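Student: Please take me on a close look at the part of this structure around its most unusual loops and the strands they join. I am new to it, so keep the steps short.

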Amino acid sequence: MFLRQLAGLLKPTTLTTMIEPLKLVPLTTHWSNVAAAFTNRRWNSSSAVVSLADTKSTIDKVNKQLETGSEGRLFAVVQLCGKQFKITSGDIIVVEGYWPPEGGDRLRLDKVLLAGSKDFSLIGRPLLAPGMVDVQATIIEKTLSHTRTHFRKKRRKQYMRTNFYRTPQTMIRINSIDITRKVSNSGADDGGEERFF
């Protein structure tokens with residue numbers, strides 16, 4: 001009865017993994033021996049182990065795509081002024097707050113957290129290695145935002161204040177996103193280059 005109710009709540013794959021150890025234990029044994037059947041089971045979703053050969057073949061496929069230029073349109077997640085933006089080439093992003101660069105300046109965005117295409121993704125921990133991904137951008141315009149209202153009131157105290165303010169905004173066009181070098185087989189970064197956070 002209990003298993004039928006539980007079966008309605010669980011996915012079919014989860015149910016089979018729960019019943020499998022019970023099939024190994026004969027019905028005549030005591031419940032104290034059932035725990036031995038459950039000791040070799042992993043109950044999390046990361047039970048699949050990826051072999052080293054699969055990892056190398058995946059890295060080889062990614063490197064082959066980068067060599068032939070068949071990776072397609074690239075995307076990246078960059079950190080800029082304390083915020084993260086998911087960008088592709090040709091995008092226009094708006095950065096709020098004061099930022100020193102002037103209109104027409106060309107930038108290289110260095111803090112890249114993630115880059116990829118439709119077939120693969122390169123994920124940094126927390127950033128990708130410096131110089132691995134080249135993100136070029138141009139500042140289009142520096143303006144002020146629309147007028148916002150800041151209204152304060154204390155009831156029964158004859159206190160009301162209304163302030164209007166506009167924050168500086170910078171519009172940036174992403175010119176290009178390029179992966180400049182091959183993906184390495186080891187997870188370690190190059191020791192010669194400087195890391196920044």
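Tutor: Start at P126, which sits in the loop between β6 and β7. The model is a predicted one. In it, the peptide bond leading from R125 into P126 is cis, and its omega is near -5°. Most peptide bonds are trans.

Now step back from this loop into β6. This strand covers residues 121-123. β6 pairs with β5 in the antiparallel sense, and three bridges join the two. One place to look is A115, which faces L122 of β6.

β5 and β6 belong to an open sheet of four strands, in the order β2-β1-β5-β6, with antiparallel pairing. Which strands stand at the edges of the sheet? They are β2 and β6. Each has a single partner strand, so one side of each has no neighbour in the sheet. Direction ignored, neighbouring strands here are turned by 20° against each other on average.

Within the same sheet, look between β1 and β2. C81 lies in the loop that links them. C81 is not a glycine, yet its phi is positive, about 55°. Most residues other than glycine have a negative phi. The relative accessibility of C81 is 39%, so it counts as partly exposed.

Next, go to the loop that leads from α4 into β1. E71 is found there. Is E71 buried or exposed? Its relative accessibility is 14%, which is under the 20% limit, so E71 counts as buried. Leaving out residues up to four places away in sequence, E71 touches Q65, L66, S117 and F120. Take F120 from that list. E71 and F120 are 49 residues apart in sequence, but their C-alpha atoms are 8.5 Å apart in space.

Return to the loop with P126 and leave it on the other side. You arrive in β7, residues 133-144. V133 is in this strand's range. Apart from its neighbours within four places in sequence, V133 is in contact with R108, V112, A115, L128, I177, D178, I179 and T180. A115 is thus a residue you have met twice: it stands opposite L122, and it is in contact with V133.

What does β7 pair with? β4 and β7 run antiparallel, joined by four bridges. L109 has V135 of β7 as its bridge partner. Follow β4 with your eye. L107 and L109 point to one face and are buried. R106 and R108 point to the other face and are not buried. In a regular strand the side chains alternate between the two faces of the sheet.

V133 and V135 also lead us inward. The largest nonpolar core has 30 residues. V133 and V135 are among those with the most contacts inside it, along with I87, I172 and I174. In soluble globular proteins, nonpolar side chains tend to be buried together. Which elements give two or more residues to this core? They are α4, β1, β2, β3, β4, β5, β7 and β10.

One more hairpin deserves a look. β8, residues 148-154, pairs with β9, residues 159-165, in the antiparallel sense over seven bridges. R152 has R161 of β9 as its bridge partner. Four residues lie between the two strands, and R156 takes a positive phi near 60° in this hairpin. Q158 also lies in the loop between β8 and β9. Q158 has a positive phi of about 60° too, and is not a glycine. With 81% relative accessibility, Q158 counts as exposed.

Now place these parts in the whole protein. There are four helices and 10 strands. Along the sequence the pattern is α-α-α-α-β-β-β-β-β-β-β-β-β-β. Of the 197 residues, 27% are buried. Among contacts with a separation of 6 or more, 66% are between residues 24 or more positions apart. The exposed area is about 14,300 Å², and carbon and sulfur atoms supply 55% of it.

Last, check the confidence. The protein averages a pLDDT of 81, and 67% of the residues score at least 70. Over residues 188-192 the pLDDT is below 50. Beyond near neighbours in sequence, that stretch has three contacts in the model.

How values were computed:
Residues are numbered from 1 along each chain as its sequence is written. This is a predicted model: local features need pLDDT of at least 70, side-chain atom pairs count only at pLDDT 80 or more; totals for chains, interfaces and linings use all residues. Side-chain values use heavy atoms; hydrogens and water are left out. A nonpolar core is a set of buried Ala, Val, Leu, Ile, Met, Phe, Trp, Tyr and Cys residues joined through side-chain atoms within 4.5 Å. Buried means under 20% relative accessible area, exposed over 50%, partly exposed in between (1.4 Å probe, protein chains only). Contact means heavy atoms within 4.5 Å. Two strands pair if DSSP finds at least two bridges between them. Axes are lines fitted to C-alpha atoms, for helices over the stretch in contact, and angles run from 0 to 180 degrees between N-to-C directions. Accessible areas come from the Shrake-Rupley method with a 1.4 Å probe; for residues, only the protein chains shown count as cover. pLDDT is the predictor's confidence in each residue, from 0 to 100.
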